[in-house]
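Student: I should like to learn how to read the features of a protein model. Could we go through one together, beginning with charged side chains?

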Amino acid sequence: TPSNSSAASDVYKRQMMMLSIDRANKKLKLTSFLRDSWVYIPDHGYAKLNASCSWGGAQLVMDTLEYNFNVKIDHYVLVDFDMFKSIVNKLGGITVEVTEKEAKYLRNDVHLDIQAGEAVKLDGNEALWYCRIRYLDSDFMRTQRQRKVISCLLYTSPSPRDVEESR
C-alpha cells in the first residue's frame, strides 16, 4: 500500500496513456486510462488503477492494463512534469485550441496570461497547466486535453532523420 511520502503522492499525479500503432490504417492512436478506474490488479485484488503504480511500479501498471484491457504493451515511457515542460519547450511550444472557459480558468486559478482562441501557442509550463485543468468539466475532457497536447507533440516533433545524434 502507498505511504504518505511525497514520492508516493507523486504516483497519484500520473496520467496513463497508451500510444498504439494502427498499421492497417497507418495511424497513431492515443488511449487514456482513467486513474480512478476500478480494476483487478494482479496478485493484489481490486483497487483503483493508480494503486498499481505505487504497489509495483511501471511493471505492475503494464500487467494491470494488459490484464484488464486485453492489450499488449511492448514499451513504456515515464515522463515527469519537468521533463514534459522541457520536451514542449525544445519543440518550440505547441499550438492548440483553448476555449474561453479553459482560458478563464488558466488566468484566474493558475495566473497564466492565456487567451482563448483556435490556435493558441503554449510553452511547456502553459501546456502542462492546460493538461492539468481539473474541476472545470470532467475527467473525460481533461484526458481529451491531454491527448490533444500529446498529439501536437507527436506531429510537431522532428523525425529521427532530422535529429543529429548527440555523442
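Tutor: Let us begin with a definition: a salt bridge is a side-chain nitrogen of Lys or Arg within 4 Å of a carboxyl oxygen of Asp or Glu. Side chains of opposite charge can pair when their charged atoms come close. Please keep in mind that the structure shown is a predicted model.

Student: How many salt bridges does a search of the whole structure find?

Tutor: The search finds 8 salt bridges. One of them joins the side chains of Asp22 and Lys29, with N and O 2.9 Å apart.

Student: Are the two partners, Asp22 and Lys29, buried or exposed?

Tutor: Asp22 has a relative accessibility of 13% and therefore counts as buried, the limit being under 20%. Lys29, at 40%, is partly exposed.

Student: Which residue forms a salt bridge with Asp82?

Tutor: The partner of Asp82 is Lys85, and their closest N and O atoms are 3.9 Å apart. Both residues belong to helix 3 (residues 81–90); because they are 3 residues apart there, about one helical turn separates them. Asp82 is exposed at 54% relative accessibility, while Lys85 is partly exposed at 23%.

Student: Where do Asp139 and Arg142 lie along the chain?

Tutor: They lie in helix 6 (residues 139–156), 3 residues apart, so the separation is about one helical turn. Asp139 and Arg142 form a salt bridge whose closest N and O atoms are 3.0 Å apart. Asp139 is partly exposed, with 30% relative accessibility, and Arg142 is buried, with 6%.

Student: Which residues are linked in a network of salt bridges?

Tutor: Glu102, Asp137 and Arg145 are linked in this way.

Student: Let us turn to nonpolar side chains. Which residues form a nonpolar patch on the surface?

Tutor: The patch consists of Leu19, Ile21, Leu28, Leu154 and Tyr155, which together have about 480 Å² of accessible area. Strand 1 (16–22) and helix 6 each supply at least two of its residues. Ile21 is in strand 1, and its relative accessible area of 55% makes it exposed.

Student: What does a buried residue look like, and which residues is Thr64 in contact with beyond its neighbours within four places in sequence?

Tutor: Thr64, in helix 2 (residues 49–69), has 0% relative accessibility and so counts as buried. Apart from those neighbours, Thr64 is in contact with Val39, Tyr40, Ile41, Pro42, Leu49 and Ser52.

Student: How many helices and strands does the chain have?

Tutor: There are 6 helices and 6 strands. Read from the N terminus, the order of elements is α-β-β-β-β-α-α-β-α-β-α-α. Of the 167 residues in the chain, 34% are buried. The chain exposes about 11,100 Å², and carbon and sulfur atoms supply 50% of that area. Among contacts between residues at least 6 apart in sequence, 47% join residues at least 24 apart.

Student: Finally, what is the mean pLDDT of the chain?

Tutor: The predictor's confidence in each residue is given from 0 to 100. The mean for this chain is 85, and 85% of its residues reach 70 or more. Over residues 1–12 the pLDDT is below 50, and this stretch has 13 contacts in the model beyond near neighbours in sequence. Residues 160–167 also stay under 50, with 1 contact beyond four places in sequence.

Note on methods: Residues are numbered from 1 along each chain as its sequence is written. This is a predicted model: local features need pLDDT of at least 70, side-chain atom pairs count only at pLDDT 80 or more; totals for chains, interfaces and linings use all residues. Side-chain values use heavy atoms; hydrogens and water are left out. Buried means under 20% relative accessible area, exposed over 50%, partly exposed in between (1.4 Å probe, protein chains only). Helices (H or I, at least four residues) and strands (E, at least two) are DSSP runs, numbered from the N terminus. Contact means heavy atoms within 4.5 Å. Patches are made of residues with over 30% relative accessible area and no salt bridge: like charges are joined within 9 Å, nonpolar side chains (Val, Leu, Ile, Met, Phe, Trp, Tyr) within 5 Å. Accessible areas come from the Shrake-Rupley method with a 1.4 Å probe; for residues, only the protein chains shown count as cover.
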